[in-house]
Amino acid sequence: MSLAIPSAILASIVSLSVAITIMLRRPRRLLYSRFASFAFTLFLWHAAAVASRFGAGTLVQLQVAAGLLLAPSALLFFAEVLRDHSPQTRNLGRVVSLVCVVLLAVDVLPIGQSFAARAVDTLYVLGTFAIVLHALYVRARAARAMPERNRLFYLLLGGLIAIVLALGELSIDNEFYAATGHVAVTFYIYFLYQSLVSQRVIDLVEFLGKTAVLGVLTIILATIYALLVLWAGTEQQGLWLFNTLVASFVILIFYDQVRPWIEDATAQLILRQRHDLR
């Protein structure tokens, strides 16, 4: 199995999970709906990438369609993040959505499989993301408060890195580049999710702490499951189900106790001066 397949599976699961989770939050907000749409298109993109690598060539067209849908969903989401409800932005959203529909219709035709059509699709998506990054840059430069400026630059820098690395998906011969892109998108979508949950753009210390908590708990959960599976075996399904419930119960008990310690230890090890200042 190539390195790009498990990374794409991870990205698709995380994207779908945050899309469902954010839609379950109350009260419902337009920002949540637009983020869920953006995350769901990322899920489609990575899920189709996995299927195409297993030989399902017909799903390449689904991946192209998901890539096209990323453009309007990203534009609408970040416009809501920036609270940009100007007539120019609304008109731009309509134009981008209309172009998306046209390109989707063209891709159904035989000409949609040509290199020229794929190049137009790529330029359309990259051009839309360039508009989004430019809007973030302009808003960050105009921000008067330093914390707000730094947080917008976090969004800008993270988005730029994720886009550049995500281009690895277009490189069929470089599986490592594609896998790096999947991981970068996974971290960025998780960063956006944590920012929405916190109702603000979280800073680097907080994000590293939350990521460390998630990583450590994932390792603990995987270890418990692995030990219980080795003990029960694969043939005793009833016992395996019981072990799954036990492992989940143990993790829920540990969660509240482990989370503050891991967040504090991460901040102390990586950013000692900022930790001492806080």
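Confidence in this predicted model isn't even along the chain: helix α4 comes out highest, with a mean pLDDT of 91, while helix α10 (residues 272–277) comes out lowest, at 57. For the protein as a whole, the mean pLDDT is 78, and 68% of the residues reach 70 or more.

| Part of the model | Mean pLDDT |
|---|---|
| α4 | 91 |
| Protein | 78 |
| α10 (residues 272–277) | 57 |

Let's stay with α4 for a moment. How do α3 and α4 pack? Helix α3 spans residues 60–81 and helix α4 spans residues 87–108; their axes are 10 Å apart, at an angle of about 175 degrees. Angles over 145 degrees count as roughly antiparallel, so that's the label for α3 and α4.

Who does the touching? On the α3 side, the residues in contact include Val64, Leu68, Leu69, Pro72 and Leu75. On the α4 side, Leu92, Val96, Cys100, Leu103 and Leu104 are among them. Sorted by class, this contact has 14 nonpolar residues, four polar ones and just one charged.

Now for the empty space. How many cavities of 30 Å³ or more does a search of the whole structure find? The search turns up one, and the largest cavity holds about 30 Å³ of space. Its lining is made up of Ile22, Met23, Arg25, Arg28, Arg29, Tyr32 and Ser33. Helices α1 (4–23) and α2 (30–53) are the elements that each give two or more residues to that lining. The class mix here is three nonpolar, three charged and one polar.

Technical notes:
Residues numbered from 1 in each chain as written. Predicted model: local features only at pLDDT ≥ 70, side-chain atom pairs only at ≥ 80, totals over all residues. Heavy atoms only, no water. 1 Å grid on protein atoms, 1.4 Å probe; cavity = no way out; pocket = protein on both sides within 12 Å on 5 of 7 lines; lining within 4 Å. Points joined across faces, edges and corners; volume = space filled by probe spheres on them. Helix = DSSP H or I, 4+ residues; strand = E, 2+ residues; numbered from the N terminus. Nonpolar A, V, L, I, M, F, W, Y, C, P; charged D, E, K, R; others polar. Axes fitted to C-alpha atoms, helices over the stretch in contact; angles between N-to-C directions. Parallel < 35°, antiparallel > 145°, perpendicular 65-115°, else oblique. Contact = heavy atoms within 4.5 Å. pLDDT = per-residue confidence, 0-100.
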